[in-house]
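Let's work through some exercises together. Have a look at the model below, then try each task before you read its solution.

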Amino acid sequence: MKPKENRSLEQILESAAIVFWADLMHSTPFGLLHIEYCFAPTGTLDYLKFWCSVTRGRWLLACEYRMSASISHSAGARFENGYQSDGLAHILDFVMQHQNSFLCPADHGRQGLLQICTPTEEESTAAAASVKDAVDFLNSAFAEPSMA
């Protein structure tokens, strides 16, 4: 994987959600997931919200990730409504801190929404490989000394 060449920010967020599907769906075999995101005025991703629905029409906030702290919220991942996933929190920290290494959606000024339905086994395998490739690439890219 080359930076920004083969990996979009939306795709890595979707892959991370699929990898930790069982945590987000409380091991229910079927469900829907929405990932809401918004950009800051600087053009960087400011926050993410993961909404889960395991029953028709009922959405629960599972996880919120904020880049910056304020009086009403802290920076980083926060889980709600009995949800918890240390693995997802770790990947979100990693992706959000390196978000400039991914292709961003074209319109930075808008809110975005990713909709994910229950993944197949093949989609789960591909998502795990995608997350691993991105993490491995970024770890190697940031571990190498820069040649100036």
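**Exercise 1.** Which helix supplies the largest share of the negative patch?

*Solution.* Before we start, note that this is a predicted model: local features need pLDDT of at least 70, side-chain atom pairs count only at pLDDT 80 or more, and totals for chains, interfaces and linings use all residues. Residues are numbered from 1 along each chain as its sequence is written, and side-chain values use heavy atoms, with hydrogens and water left out.

Step 1: Find the patch. On the surface, E14, E121, E122 and E123 gather in a patch of negative charge. Patch residues have over 30% relative accessible area and no salt bridge, and like charges are joined within 9 Å.

Step 2: Find the helix. Helix α4 (residues 121–143) gives the largest share, 3 residues. A helix here is a DSSP run of H or I with at least four residues, while a strand is a run of E with at least two.

Step 3: Check one member. E122 lies in helix α4, and E122 is exposed because its relative accessible area is 59%. The classes are buried (under 20%), exposed (over 50%) and partly exposed (in between), with a 1.4 Å probe and protein chains only.

**Exercise 2.** Describe how E64 is paired.

*Solution.* Step 1: Recall the rule. A salt bridge is a side-chain nitrogen of Lys or Arg within 4 Å of a carboxyl oxygen of Asp or Glu.

Step 2: List the partners. E64 pairs with R66, the closest N and O atoms being 2.8 Å apart. R78 also forms a salt bridge with E64, here with 2.6 Å between the closest N and O atoms. This second pair links distant parts of the chain: R78 is in strand β4 (residues 76–79) and E64 in strand β3, 14 residues apart.

Step 3: Look at burial. E64 is buried, at 6% relative accessible area, and R66 is buried too, at 16%. R78 counts as partly exposed, because its relative accessibility is 32%.

Step 4: Widen the view. E64, R66, R78 and E80 are linked in a network of salt bridges.

**Exercise 3.** How far apart along helix α4 are D136 and K132?

*Solution.* Step 1: Place both residues. D136 and K132 lie in helix α4, 4 residues apart, about one turn of the helix.

Step 2: Check the contact. D136 forms a salt bridge with K132, with the closest N and O atoms 2.5 Å apart.

Step 3: Classify D136. D136 counts as partly exposed, because its relative accessibility is 37%.

Notes
Patch = residues over 30% accessible without salt bridge, like charges linked within 9 Å, V, L, I, M, F, W, Y side chains within 5 Å. Areas by Shrake-Rupley, 256 points an atom, 1.4 Å probe, with all protein chains shown as cover. Lys, Arg positive; Asp, Glu negative; His and termini not counted. Charge placed at Lys NZ, Arg CZ, Asp CG, Glu CD.
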